[in-house]
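Visitor: Please show me the model, and let us then go through it by question and answer.

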Amino acid sequence: KLVDESLPRERSHHRQVSGGYIYTEYHPMEEIYEWMTQIQKNNSEMVTQHILGMTFENRPMYYLKISQPSNKPKKIIWMDCGIHAREWISPAFCQWFVKEILQNYKSDPKISRFLQNLDLYVLPVLNIDGYLYSWKKDRLWRKNRSPFENGTCYGIDLNRNFNAFWGTIGASFNCSSDVFCGHRPEEAPESSAVAQFIRSKKSDILCYLTIHSYGQLILIPYGFTTKPPNEELMQVAEEAAAALAGKYGTNYKVGVPSSVLYSNSGSSRDWAHMIGIPFSFTFELRDTGTHGFLLPTDQIQPTCEETMLAVTTIIDYVDKKYFPGGAVMLTSSSLGLTLCLSIVFTWMVS
Amino acid sequence: MFSPFQDIDGVGHKYCLELELEDVLDKDRTVSCSAEVLYPLGSTGSAPDVQVSVQGELRSTQEADQEFYNRMRSLEQELVAENIPDSHGNIPPELEPIHLLAWAASGYVIWQNSTENTKFHLAQVKHVKQVKRSDEDLQFDYVVLLHEMVSQVNNFTPKNPFLGCFKIPAV
């Protein structure tokens, strides 16, 4: 299943990155685990695989760290996919994103610029137990697989289980609800693992991205307010949506959830922003209801291509904001020294 | 998306909409239409009142309907199918009309169960079974899953089970 003879060009194009993996299909969890191992093996100078924690059913949650070797300290961009089991296009995008970065970081000036300053942390499937369940038992499952009420009711909505106005609007205390927020924030091992990690690195994380479907939206904090916390978040999101639309004309709406979707509480995006991460966005990928969660495989490529433009626009903005005018944070005292060094270096290279 | 409404005292909220209808089978074909949707006050459970006027012509599906009808009539066994689309979003071409029929019928169920705070879509046809009839009509029993955005529910059970008939004229 990992090899497709009908697309030889695509296969050889991807061989260096991950040996013939087909990014235009949906992959079950076993294959995604194998893919992560392969990606690290084939790109060991740039990628390392790390464990975040364990799911309820005791499966390892791995994230990939993409980091250009350097003696400079870097800041972090975090992206997670698959927090909701049935949103299959989301893990597909995380895999595509990793592949694109690794394929193009040497040749793409935008990517090579931001990789000088930023490390990318990608969690391809956050809700592993749920994702597996959507493959084997119930394609439209959403939540995790924590059992309640003596095993008669399952699942916490992981995106209602973060400590951001937890248990208020748009959530339920009833286990049988698809927006069951749990009995306390971070009760689910999956949300707890993510929260713990992000808390530990929060001073270095500049941007938190969480990928969902469907709806064609870029959401900014907060799910429980009516106005954006600041204009900049809206601006960046709008820029990203414009870049996305440029590819195939796909129309995304941008804003706080209450104005474009529905109010909610306990979301990871809101929590990340509340603990101090300046840029925090939820993406709701294709489509707007025609196929909904069952997005046909022939839309994986165009969805990923256009979303890539939006995500790199955001990362690019963050990079230029915190690392203006080149790879070094210039202060007035070091300016002269830095300019001298770069002139010497350039002369030597040419 | 959020159009301003007119508050009609003691009656409900009225929305006036200008829409573009897109032909599912012919994406480049659009028709303008305008609609008035009146949501009744309170939780009476009655469907919103909808008035639509279409500025232009909807394409005739007579030929396709006839082809589908003839194909169903020529089957040796009653049609049974499930999971349309499948997990990967695919629909076998011969089941496309079955899916479109479900979509149309779901539209009626959605209308009957809509309020200002709901947003429904057809998520999947879970099961469809053709019912044998002694006359020349076609009958299908569907189990459809509707996804409701606000509550994120995807196993929505309508208050009244839907039983309706689509008349496809015989030759």
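Visitor: In what order do the elements of chain B run from the N terminus on?
Guide: This is a predicted model, in which local features need pLDDT of at least 70 and side-chain atom pairs count only at pLDDT 80 or more, while totals for chains, interfaces and linings use all residues. Residues are numbered from 1 along each chain as its sequence is written, chains are lettered from A and ligands numbered from 1 in the order in which they are written, and side-chain values use heavy atoms, with hydrogens and water left out. Chain B has two helices and seven strands, taken as DSSP runs numbered from the N terminus (helices H or I, at least four residues; strands E, at least two). Their order is β-β-β-β-α-β-α-β-β.

Visitor: What percentage of the residues in chain B is buried?
Guide: Buried means under 20% relative accessible area, exposed over 50%, and partly exposed in between, with a 1.4 Å probe and protein chains only. Chain B contains 171 residues, and the buried portion is 29%.

Visitor: Which element gives the most residues to the nonpolar patch on chain B?
Guide: Patches consist of residues with over 30% relative accessible area and no salt bridge (a side-chain nitrogen of Lys or Arg within 4 Å of a carboxyl oxygen of Asp or Glu); like charges are joined within 9 Å, and nonpolar side chains (Val, Leu, Ile, Met, Phe, Trp, Tyr) within 5 Å. B:L21, B:V50, B:V52, B:V54, B:L58, B:Y108 and B:W111 form this one, with about 590 Å² of accessible area together, by the Shrake-Rupley method with a 1.4 Å probe, where for residues only the protein chains shown count as cover. At least two of its residues come from each of β4 (49-55) and α2 (96-112) of chain B. With three residues, the element that gives the most is β4(B).

Visitor: Is B:W111 buried, partly exposed or exposed?
Guide: This tryptophan belongs to helix α2 of chain B. Because its relative accessibility is 35%, B:W111 counts as partly exposed.

Visitor: Which helix supplies the largest share of the largest nonpolar core?
Guide: A nonpolar core is a set of buried Ala, Val, Leu, Ile, Met, Phe, Trp, Tyr and Cys residues joined through side-chain atoms within 4.5 Å. Of the 95 residues in the largest one, A:W78, A:F97, A:F281 and A:F283 touch the most other members. The largest share of this core is nine residues, from helix α3 (residues 89-104) of chain A.

Visitor: Is A:E284 buried or exposed?
Guide: The UniProt annotation "active site", from an unreviewed entry, covers A:E284; such annotations may be inferred rather than shown by experiment, and positions are given in the numbering used here, with feature names shortened. A:E284 sits in strand β10 (residues 279-285) of chain A. Beyond four places in sequence, its contacts (heavy atoms within 4.5 Å) include A:H212, A:S213 and A:Y214. Because its relative accessibility is 8%, A:E284 counts as buried.

Visitor: What is the form of the peptide bond from A:S213 to A:Y214?
Guide: Most residues other than glycine have a negative phi, and most peptide bonds are trans. A:Y214 is in the loop between β7 (205-213) and β8 (217-219) of chain A. With omega near -5°, the bond from A:S213 to A:Y214 is cis.

Visitor: What is the phi of A:N150 near?
Guide: A:N150 lies in the loop between β5 (147-148) and β6 (153-154) of chain A. Because its relative accessibility is 81%, A:N150 counts as exposed. Its phi is positive in a residue other than glycine, near 60°.
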